[in-house]
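Q: Please take a close look at a single part of this structure. I am new to it, so keep the sentences short.

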Amino acid sequence: LTGGSTVYIRVWPQNNISQMGTFNICAFEPVPPQNDNPCGAFNMPTPLTCTPGLYSTQFATSTNLPPLVVGAPTCGGAPNADVWFAVTVPASGAFTVNTFPGTHTNMAMAWYRLSVGGSVCNPPGFAGTLTQIACNDNQTATNFMPRINSQTITPAIAPPLVPGETIYVRVWPQAAPLNGTFELCVTESQPPPNDNPCG
């Protein structure tokens, strides 16, 4: 829909029921969630244990913030109701994002890296580019939500994750209804004691 245009709404009784009667109708402008785009991404802590928080895609829109360039995800279909999170890579250089079902049970997740010197909030001047570095839409019988562990995907990320840099996490439902809830947590990935010969 285009702002300022007129949309005509037609209402009628179904299945040849009585033509007489009353009903209520209202129209309102839906307010997208705060993290509807990368500029409003929720900054997520990276503790050692997972404590999921509840999040919503209610009234979320597809990200379109020119001149910011956002790479299309390589999994999970069209991100028509995506929401965003920002994670500062912890000292270990690895973190895990876990998602859990709410009313949504089929979602996808992609990780993005911002171009050097770029911005996700589109100030005057140079705007940034968000380049996908990982994508996951896997499901199992017991876990309906994608999980991406940076320890397992780091070898595929070039260059590898750097402590202190910000990674943008995009999450979206793969099927209708687009409005719904899910849980998410981010944890710092700690290697086991015998991760190297010293241990």
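A: What follows is a close look at tyrosine 55 and its surroundings.

This is a predicted model, where local features need pLDDT of at least 70, side-chain atom pairs count only at pLDDT 80 or more, and totals for chains, interfaces and linings use all residues. Residues are numbered from 1 along each chain as its sequence is written, and side-chain values use heavy atoms, with hydrogens and water left out.

Start with the strand. Strands are DSSP runs of E, at least two residues, numbered from the N terminus. Side chains alternate along S2, residues 53–56. Gly53 and Tyr55 point to one face and are buried. Leu54 and Ser56 point to the other face and are not. Buried means under 20% relative accessible area, exposed over 50%, partly exposed in between (1.4 Å probe, protein chains only). Tyrosine 55 has 17% relative accessibility, so it counts as buried.

Next, the partner strand. S2 runs antiparallel to S10, residues 181–188, and four bridges join them. Strands pair if DSSP finds at least two bridges between them. Tyrosine 55 stands opposite phenylalanine 182 of S10.

Now the rings. Rings of Phe, Tyr and Trp (its six-membered ring) pair if their centres lie within 6.5 Å; planes under 30 degrees apart are stacked, over 60 edge-to-face, the rest tilted. The whole structure holds eight aromatic pairs. Phenylalanine 42 and tyrosine 55 have ring centres 6.0 Å apart and planes at 40°, so this pair is tilted. Phenylalanine 42 lies in S1 (residues 42–44) and tyrosine 55 in S2, so the pair ties together parts 13 residues apart in sequence. Phenylalanine 42 is partly exposed, at 24%.

Tyrosine 55 also pairs edge-to-face with phenylalanine 85: 5.0 Å centre to centre, 80° between planes. Phenylalanine 85 lies in S4, so this pair ties together parts 30 residues apart in sequence. Ring pairs link Phe42, Tyr55, Phe85 and Phe182 into a cluster.
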